[in-house]
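Me: I would like to work through this structure by question and answer. Please reason briefly before giving each result.

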Amino acid sequence: MSDAIVQHAPSLPQPSASALRSSRPAWSRWRRHWQFHLSVAVLAIVIFAASFAPWLSAYDPNGIDLGSALQAPSLQHWFGTDQLGRDVLSRTMSGARLSLFIAFCAVFLAGCGGTLIGILSAYFGGWIDSITMRLADIQYALPPVILAMVVIGVIGPNTANVIIVVTIANWARFARVIRAEALSIKHRDYVLLARLAGASPLRVALRHILPNVRNTFLVLLTLDIGLIIILEAALSFLGLGVQPPDPSWGTMISDGRGQLEHAWWTSVMPGIVMMLTVLAANLAGDHLREGTRLIGEAD
Amino acid sequence: MPAFLLRRIGSALVTLLLMSVLIFVMVRMVGDPAHLMMPPEATEADRALFREQLGLNDPVPVQYARFLSTIVRGDFGNSFHFGVPALSIVEDRLGPSLLLTLSALAFAIFTGVPLGIAAAVKKDGFADQFSKIFAALGQAAPPFFFALLFIRLFSVGLGWLPTGGYGSWQHLVLPVIALGWYSAAGLCRLTQANLTAVLQSEYVKMARIKGVPEHVVVLKHALKNAALPVITFAASQFGILIGGAVSIEAVFSWPGFGSLMVESINQLDFTVVQAAVIVSTLLFIVINFTVDLLYALIDPRISHV
């Protein structure tokens, strides 16, 4: 099924990569990994634009100017304007800020929580393991959107709740994969020696197992960020995420739905930026995964 | 096999039970039903009576037991909004959703798998390049964004297909492609990766040395062994498709299960939400269970682990 079987491969890049690095000229190295480098560049640009949106954008993202509503992309408004005359590029950048902030918070929380649960259930086993893995089953039993919708329905839609919900809907993959890896580490000699030396269980888990699952953690983080951006967009699109007037990519795409016929740019432009961001994150994640041999992770 | 079966049934039941606790707790977190379900002009005495009638003054374990026994009997209460049993509303919407998701699954299998095979057979050929772009795009955007692009291009721009609604096969085309693309991308990548690995194995080399025609080698010897993970993955996509269907149904005004959930959440109609969640959980658990069985039947090694 969807849980991954992790083979013993704690090191992230292929062992031969560093050997190749010194013997190959820079240009052929670039050609070998051009997709990865391009993805990182795209991500860097998007993150930069998102971080400095208030200083970079020429217009106020929420500034209404009905006189210039629904203008097609032009030199003044690169991405056009929406039905209230707001500049779509400024809103896309401001939306990137919110969407990426939510995505980074959620992936970090889900990653840390899932990793901790994975390590503890691998190390202690027994009933802790049973309970956490059954909880993971529940998360897997419901598709993330439905799980997130139900929880949002209960606690109400706003930015903080979206982060909580997306975290709840995404921790289990971390827990399962990290648990599988921690199980394989648990019986290595250095862990046994640390226990013989009298280290407490918590110390073994945190000092000896945790550092060795770091690379898997980072790979899962990059693989998940795209999924999480999409999940946040879906929630906001349905009106269950970020609330207006603050733009996020999902709410912008949703706002533009009514104007598809005569002003397609209002929803297509932020959508394309989101697509490029997710594409870059996925390609970077795939590149890192190749080095770690996470088996059984098809999506 | 029987031991394996029992273990799987046991863990499915535990999952269901935990899920019911979770739903019970969440429904209680929504707020006081005496405030949610009564008109605002009701007096405090009315509310107290209402609480007594619903048994909200009983100890929590008693309330949970009662909750469990009613849902086991299929009684999910009446919809706050429509006044009819919540379960019947959910049942009405299940058909269109299943039609949409199963069609999308079929689309994903019939495009993703052949494309993956073609890509694996000739590395760096046209099909390989095409499948890489197809897969990368499919996984890069949520289904609802593709849905909007398709509506803009094929409905508004070219006028070929309706922009939304339910009824004929024309209404099905755009939602199915928009929804199924993501899964098609995953299937394509998985088929390609597995088949590539199998095609390098010793027994495939042996078959080629024996002079077996290449198409027989690929379709009979190799594909059979590469198919196993593909089958489970295809089945596991069902849950993802139901999730994606929520926004697709909203875009195309499709009268399904997902749009019902969005409407009910917006109307604070929690009995319907609760019924929908329990029905969908049950559906997923049954599907996962069937997939596990199927897997064990196809690959006898599994049940002995």
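Me: How many helices and strands make up the secondary structure of chain A?

Reply: This is a predicted model. Its chain A has both kinds of element, helices and strands. The secondary structure of this chain comes to 14 helices and 2 strands.

Me: What percentage of the residues of chain A count as buried?

Reply: A residue counts as buried if 20 or more other C-beta atoms lie within 10 Å of its own. Chain A has 299 residues to which this can be applied. The buried share is 47%.

Me: Which helix of chain A gives the most residues to the largest nonpolar core?

Reply: The largest nonpolar core has 156 residues, and among those that touch the most other members are A148(A), L231(A) and A147(B). A148(A) touches L231(A) as well as V165(A), V166(A), A169(A) and L235(A), leaving aside residues up to four places away in sequence. With 16 residues, the greatest contribution from chain A to this core comes from helix 5 (residues 88-124).

Me: Which helix gives the most to the side of chain A that touches chain B?

Reply: The contact involves 37 residues from chain A and 43 residues from chain B. On the chain A side, the elements that give two or more residues are helix 6 (126-141), helix 7 (144-155), helix 12 (214-237) and helix 14 (265-292). The one that gives the most, with 8 residues, is helix 14 of chain A.

Me: How many residues on that side of chain A are nonpolar?

Reply: The residues of chain A that touch chain B divide into three classes. There are 5 polar and 5 charged residues. The nonpolar residues number 27.

Note on methods. Residues are numbered from 1 along each chain as its sequence is written. Chains are lettered from A and ligands numbered from 1 in the order in which they are written. This is a predicted model: local features need pLDDT of at least 70, side-chain atom pairs count only at pLDDT 80 or more; totals for chains, interfaces and linings use all residues. Two residues are in contact if their C-beta atoms, placed from the backbone, lie within 7 Å. Helices (H or I, at least four residues) and strands (E, at least two) are DSSP runs, numbered from the N terminus. Ala, Val, Leu, Ile, Met, Phe, Trp, Tyr, Cys and Pro count as nonpolar, Asp, Glu, Lys and Arg as charged, and the others, Gly among them, as polar. A residue is buried if 20 or more other C-beta atoms lie within 10 Å of its own, exposed if 12 or fewer, and partly exposed in between; C-beta atoms are placed from the backbone. A nonpolar core is a set of buried Ala, Val, Leu, Ile, Met, Phe, Trp, Tyr and Cys residues joined through C-beta atoms within 7 Å.
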